[in-house]
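Please look over the structure below before reading my points. They concern the nonpolar cores and the aromatic rings.

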Amino acid sequence: MIFRLDERLIFPEPDLAEPDGLLAVGGDLSTQRLVLAYQHGIFPWYSDDSPILWYSPHERFVLYPQELKISKSMRQVMRSGKFKITSNTCFADVIKACSTAPREGQDGTWITDDMLQAYIALNAEHYAHSVEVWLDDQLVGGLYGIWVGDVFCGESMFSRVSNASKMALIYLCQSGKFDLIDCQVHTDHLESMGARMISREQYITVLHNSLL
């Protein structure tokens, strides 16, 4: 059953989601609703030509910072000092870059204008955070996501030069601020860096414990 949301700030239990993870439709992208969603392992994912869709997948693709794998070549890049890393210095630029970055197998972006404005508002309230990667004072990569307790719910990343997005993820893992990075969707790139699947139940347990 897919639940239809109204103006009330409530969500159905995540374990009621469809096999593809779809849980609910409707509602809005207010800061309060988005924060509530992420605290319960739910996130919005939809396109311009559809209503707001809310998902809670049966499995989550996650990265435990202590399991991060850094290749020999990547360690050489890190030692070179060619990149400068910052955090939360230009959130809007990062999410806009993510929205226009080409994705293999995708014709467009799920970061609609409404989503973009909603997450910029979340950043203003210190819920959404970004990591920026710079080369010669130019923004060349980065990522953004939602900070929930000790969990970072990654939303998207981009890279304009080789290894830039990897640098952002390594910075996030080595910050010491998170017990878990939620990567949401499987990619070979993230799997090579140590990300793996866990069940929804495992993920929500970690999420809830991080909020205690």
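The points below go from the cores to single ring pairs.

1. Keep in mind that this is a predicted model. Every value quoted here was computed from it.

2. The largest nonpolar core has 49 residues. Trp54, Tyr119, Tyr144 and Tyr203 are those with the most contacts inside this core. A second core, separate from the largest one, has 26 residues, among them Val77, Met157, Phe178 and Ile181. As background, nonpolar side chains in soluble globular proteins tend to be buried together.

3. Tyrosine 203 deserves a look of its own. Leaving aside neighbours within four places in sequence, tyrosine 203 is in contact with Gly41, Arg60, Val62, Val151, Cys153, Leu180, Asp182 and Ile198. One of these partners, arginine 60, has its charged end over the ring of tyrosine 203, 4.2 Å from the ring centre.

4. The count of aromatic pairs comes to 7. In the pair of phenylalanine 11 and tryptophan 54, the ring centres are 5.0 Å apart and the planes meet at 70°, so this pair is edge-to-face. Phenylalanine 11 lies in the loop between β1 (3-5) and β2 (22-26), while tryptophan 54 belongs to strand β4 (residues 53-55). The two residues are 43 residues apart, and their pair links distant parts of the chain.

5. Are these two residues buried or exposed? Phenylalanine 11 has a relative accessible area of 16%, and is therefore buried, as the limit is under 20%. Tryptophan 54 is also buried, with a value of 0%.

6. Ring pairs also join Phe43, Trp45 and Tyr55 into a cluster.

Key: Residues numbered from 1 in each chain as written. Predicted model: local features only at pLDDT ≥ 70, side-chain atom pairs only at ≥ 80, totals over all residues. Heavy atoms only, no water. Core = buried A, V, L, I, M, F, W, Y, C linked by side-chain atoms within 4.5 Å. Buried < 20%, exposed > 50% of the residue type's maximum accessible area, 1.4 Å probe, protein only. Contact = heavy atoms within 4.5 Å. Phe/Tyr/Trp six-rings, centres within 6.5 Å; stacked < 30°, edge-to-face > 60°. Helix = DSSP H or I, 4+ residues; strand = E, 2+ residues; numbered from the N terminus. Lys NZ or Arg CZ within 6 Å of the ring centre and 35° of its normal.
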